[in-house]
Amino acid sequence: MEKEFSQLVDSLRGHSGLGQLNHGLEKEALRIDRHGYLSKKPHPDKLGSSLVHPLITTDFSEAQLELVTGVHNSIEGCMQEMEEIHRFVYDVLDDELLWPSSMPCMLRGEKSIPLADFGTSNLGRFKRVYRQGLALRYGKYMQTISGLHYNFSIPNTLWAHHAKTCGEQDSVEFRNQSYLALIRNVRRYTWLLVYLFGTSPAVCGSFLAGRTHSLEPFDGESYYLPYATSLRMGRLGYQSAEQGRHYLSYNTLADYIASMVPLLTEPHPEYLDLGMQSASGEYQQLSVSLLQIEAESYTPIRPKPKARGLRRPLVALKHQGIEYLEVRCLDLNPFFPTGIDRTTLYFLDAFLLFAWLAPSPKDTKQSWDESQSNQTKVVEQGRDPNLEVIVDGKPCSVPELGSYVIDLVSQVADVVDEVVHGSEYRNAVSAQKEKLQDASLTPSARLLQQMATWDKSYYRTIETLSKQHRTDLLEQKLSNSKRQHYVELGVQSHIEQRELEASENDSFERYLDDYMQLDLSQSP
């Protein structure tokens with residue numbers, strides 16, 4: 001593996017495309033009131049329409065913001081935009097705070113969690129019914145868990161060079177196969193990302209109300225596991241045990257689509273019993289399949305197409321190919337106002353390039369089960385120095401195997417740093433290797449240490465950090481021109497929503513039926 005990998009890394013040495021990787025961030029964050037509970041206020045009007053605003057929308061709940069950057073070919077540009085969006089949001093929020101952690105704030109029961117409201121258009125109703133389906137299937141508490149998604153793609157110039165190096169034509173098929181190989185490697189080492197960046201080893205006791213769990217009391221208000229890394233990525237988190245039993249193949253795009261179609265089209269007994277509509281005749285889920293739509297697939301990384309309008313993602317993938325990848329296994333890091341820092345992003349770039357260039361064994365049911373099992377182990381016991389994961393049927397020490405992978409990632413980091421004339425990538429990789437040598441440096445350990453140092457519960461610790469972030473962000477004022485830019489985006493989004501609502505003639509039933517027809521023969 002090492003020789004072939006090193007040759008591919010060397011082939012990229014000096015290529016300017018390494019400095020033009022495409023990045024984007026999507027961050028979810030709960031709004032909380034001054035008493036520390038989930039906000040009861042609607043999405044602030046000054047933030048624009050959550051239905052069509054390009055940068056500021058809502059996720060599951062009306063009180064759960066989703067902040068989205070554009071596509072940037074530099075990490076600095078991506079982070080700068082995310083910081084600017086946060087400053088604008090805080091200009092609008094008055095006395096509310098953004099909860100900076102993945103596991104939620106204090107909760108007062110499911111009725112206290114309002115579903116996101118997207119207005120009266122068919123698209124708005126569709127998005128709301130989807131969320132009603134999520135609430136019905138998994139409960140609202142699970143949906144208040146927040147995360148951060150990292151969108152990544154390789155620039156065209158780098159694709160052309162890589163295809164030539166591999167003796168291939170730079171085609172949609174070649175890119176699809178290469179992206180799928182990358183995905184297989186990310187799934188193979190998701191446990192490593194969970195170890196390095198998991199920051200949810202504890203939860204507020206209110207989150208566990210009425211639930212069976214194996215967590216231990218940290219104090220009178222918090223629960224945790226001593227070696228946990230990311231409860232968000234485990235059995236108590238944003239997961240579906242039923243989905244986890246269904247093997248998805250990433251060997252070819254056709255295999256992936258074929259393994260997804262039954263989940264989207266075949267009735268699932270439990271959801272069939274619930275029915276599409278409530279007793280009052282209101283829609284309560286989009287379908288009775290295991291997945292209502294593709295977005296319900298809870299995987300650590302997704303292939304994404306250039307989907308527009310009503311086009312189903314699977315249809316777009318088949319006809320247009322993979323446009324970019326969405327990494328979904330990242331916790332919010334509550335020590336940073338934006339939930340992530342530049343060092344993490346530099347490492348992720350190098351890691352994803354490693355996953356792109358390294359040999360990628362084909363998926364099997366065994367490898368699927370191994371990745372699922374390894375993720376669960378590291379979620380719950382990741383910092384246990386004796387923990388082993390199973391790779392290709394062989395037990396491996398987490399520090400030893402993790403360090404081996406990091407050493408390969410460092411080769412990529414060196415080559416990228418040469419192109420950008422810096423040391424950020426190399427330094428980012430070194431910081432992750434230190435975490436494998438000393439588990440107390442992981443963000444999950446740091447959070448538990450902070451709770452102990454401050455002698456505060458999980459909730460009080462995160463609340464303190466959120467107040468610090470608010471102060472820091474508001475001290476760095478937006479320029480007048482930047483603030484006006486965000487104001488105008490909000491105004492324009494309200495206009496667009498009103499125009500959409502006024503222009504529609506089709507019934508919601510017709511709209512839903514048209515969308516849910518998964519016709520893979522449909523022309524692009």
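A disulfide, for the purposes of these legends, is a pair of cysteine sulfur atoms within 2.5 Å. Everything shown here comes from a predicted model.

**Figure 1. Two cysteines that do not make a disulfide.** By that cut-off, the structure holds 0 disulfides. Take Cys-105: its closest cysteine sulfur belongs to Cys-204 and sits 7.9 Å away, which is too far for a bond because a disulfide needs the sulfurs within 2.5 Å. Looking from the other end gives a matching picture, since Cys-204 is in no disulfide and has the sulfur of Cys-105 as its nearest cysteine sulfur, at 7.9 Å. As for surroundings, Cys-105 is buried, with a relative accessibility of 0%. Cys-204 is buried too, at 6% relative accessible area.

**Figure 2. The small-numbered sheet around E8.** Here we have an open sheet of 3 strands, ordered E6-E8-E7 and paired in the antiparallel sense. Strand E6 (202–204) and strand E7 (216–217) are the edges, each pairing on one side only. Zoom in on E7 and strand E8 (residues 222–224), and you find 2 bridges joining the antiparallel pair. Pro-217 is the residue to look for, as it stands opposite Tyr-223 in E8.

**Figure 3. The hairpin of E11 and E12.** Strand E11 (residues 388–391) runs antiparallel to strand E12 (residues 394–397), and 4 bridges hold the pairing. Within this ladder, Val-389 has Cys-396 of E12 as its bridge partner. At the turn, 2 residues lie between the strands, and Asp-392 takes a positive phi near 55°.

**Figure 4. Tyr-189 against Phe-354.** A pair of aromatic rings is described by the distance of the centres and the angle of the planes. The model has 22 aromatic pairs. In the one shown, Tyr-189 and Phe-354 have ring centres 6.1 Å apart and planes at 45°, so this pair counts as tilted. The two residues come from distant parts of the chain, 165 residues apart: Tyr-189 is in the loop between helix H6 (172–188) and helix H7 (190–197), while Phe-354 belongs to helix H12 (residues 342–357). Neither ring's residue is out in the open: Tyr-189 is buried at 5% relative accessible area, and Phe-354 is buried at 0%.

**Figure 5. The wider aromatic cluster.** Step back from that pair and both residues turn out to be part of a cluster linked by ring pairs. Its members are Phe-5, Tyr-189, Trp-191, Phe-197, Phe-347, Phe-351 and Phe-354.

**Figure 6. Where the close-ups sit: the chain as a whole.** The protein chain has 19 helices and 12 strands. Its radius of gyration is 23 Å, close to the 24 Å that the globule rule gives for 524 residues, so the chain is as compact as a globular protein of that length. Along the principal axes, the C-alpha atoms fill a box of roughly 65 × 60 × 55 Å. Of the 524 residues, 58% count as buried. Among contacts with a separation of 6 or more, 76% are between residues 24 or more positions apart. The accessible surface comes to about 21,300 Å², with 48% of that belonging to carbon and sulfur atoms.

Methods: Residues numbered from 1 in each chain as written. Predicted model: local features only at pLDDT ≥ 70, side-chain atom pairs only at ≥ 80, totals over all residues. Heavy atoms only, no water. Buried < 20%, exposed > 50% of the residue type's maximum accessible area, 1.4 Å probe, protein only. Pairing = 2+ DSSP bridges. Rg over C-alpha atoms; globule rule 2.2 N^0.38 Å. Contact = heavy atoms within 4.5 Å. Areas by Shrake-Rupley, 256 points an atom, 1.4 Å probe, with all protein chains shown as cover. Phe/Tyr/Trp six-rings, centres within 6.5 Å; stacked < 30°, edge-to-face > 60°.
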